[in-house]
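Reader: Before I rely on any of the descriptive terms used for this model, I would like to see each one set against its cut-off.
Author: Then let us take the terms one after another.

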Amino acid sequence: MTHIKNIGLFTSGGDAPGMNATIRAVVRAALFYDLEVTGIRRGFEGMINGDLFAMSRKTVSNIIQRGGTILKTARSEHFKTPEGRKLAFEQLQKFNVDALVAIGGDGTFAAAHIFGKEFNIPVIGLPGTIDNDLTGTDFTIGYDTAINTVMNAVDKIRDTAESHDRLFIVEVMGRDSGMIALRTGISSGAEAIVMPESKLSMDKLFDRLENGRKDKTSRIVIVSEGEGEEAGAFEVGRLVKEKFPNYDTRVSILGHIQRGGKPTCMDRVLASRVGVAAVEALMNGYRNEMVGVLNNEIAYTPLEHAIKKNTDTDATFLKIVEMLSL
Ligand code: F6P
């Protein structure tokens, strides 16, 4: 057991549905164990600026069902400098914060890892990102909600695609990870998925579209935003239009709606489980670890490993899309 008295809690990077449920779980679990929680607004930026306040049971009332993050979030350039991190540490000392719980994704964990080592402060990371691209947890908080949002949107796009006999290229988020594309492609019955990990070349995509069933009246291709030359729905759409001038092709970018909305039951439960486990981990002396869930068990992964991209795409998932969309 280590003697932690006051946990600094913040959200950082892109917001994700379920961050509020995570905040609630950390605060309520800490209070249950007679620990104090100091909320830090706007992530590392707020830490530098001293935007800290004491949290109570009441400050997290009625938020489990809300999207976004009551602690707000930001991406901080200043924190990347040693001088910024020193300022942040001084603020934590001023508020007697002696441990941190950081809710975010890979950028958050990379910065938290450096900070934890530099100032010898225990840090626990909780996986809050719609991208589901972290190692050490089967799912990240926000992913389930985001994929349901995408699936419902693509169902609607299918209605209009079917009515107009159109091909739709639909872009989903995920930065350099195709996890959102993968499950939403399967669940919306897409004809093909283009994602960074699968290396589905344009030739293969053309082949899939050309040799698919001829009597199809609508086609949906899910494209992960990705990075690089042939990434992004507009570029894929341009190439498809060039190759198939006879197809009535449209491009649709789903954008930030994927980050909003009420968290699903799965996200709320995941958030509650890892929130409680984070507080217990700090009490039991864990530091610089991410708390996730693997095979339905709480799992601890060093922050520097958690940020190694989980590009381990199950090839059977892609095979399923190919088999079932014929
Ligand atoms: O990491 C979450 C995410 O939504 C990514 O999927 C996306 O690439 C990025 O954030 C967009 O960030 P921003 O809202 O800062 O443009």
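The exchange below goes through one strand, the ligand site and one arginine.

Author: This is a predicted model, in which local features need pLDDT of at least 70 and side-chain atom pairs count only at pLDDT 80 or more, while totals for chains, interfaces and linings use all residues. Residues are numbered from 1 along each chain as its sequence is written, and side-chain values use heavy atoms, with hydrogens and water left out.

Reader: What makes Arg 85 buried rather than exposed?
Author: Buried means under 20% relative accessible area, exposed over 50%, and partly exposed in between, with a 1.4 Å probe and protein chains only. Arg 85 has a relative accessible area of 9%, and is therefore called buried.

Reader: Where is Arg 85 placed, and what is it in contact with?
Author: Arg 85 belongs to helix α3 (residues 82–94), where a helix is a DSSP run of H or I with at least four residues, a strand is a run of E with at least two, and both are numbered from the N terminus. Leaving aside neighbours within four places in sequence, its contacts (heavy atoms within 4.5 Å) include Phe 79, Ile 114 and Glu 118. The side chain of Arg 85 also reaches the backbone oxygen of Phe 79 at 3.1 Å.

Reader: How do you know that strand β4 is covered on both faces?
Author: In β4 (residues 99–104), 6 of its 6 residues are buried. Ala 99, Val 101 and Ile 103 lie on one side, and Leu 100, Ala 102 and Gly 104 on the other. In a regular strand the side chains alternate between the two faces of the sheet.

Reader: Which strands are paired with β4?
Author: Two strands pair if DSSP finds at least two bridges between them. 5 bridges join β4 to β1 (residues 6–11), running parallel, and 5 bridges join β4 to β5 (residues 123–127), also parallel, so both meet the definition of pairing. Ile 7 has Ala 99 as its bridge partner in β4, and Leu 100 stands opposite Val 123 in β5.

Reader: Which residues around the ligand have polar contacts with it?
Author: A polar contact is a pair of N or O atoms within 3.5 Å. An oxygen atom of the ligand is 2.7 Å from a side-chain N or O atom of Asp 131, one is 3.0 Å from a backbone N or O atom of Gly 174, and one is 2.5 Å from a side-chain N or O atom of Glu 225, so these three pairs satisfy the cut-off.

Terms used
Polar contact = N/O pair within 3.5 Å; in protein donor to acceptor, adjacent residues only side chain to side chain.
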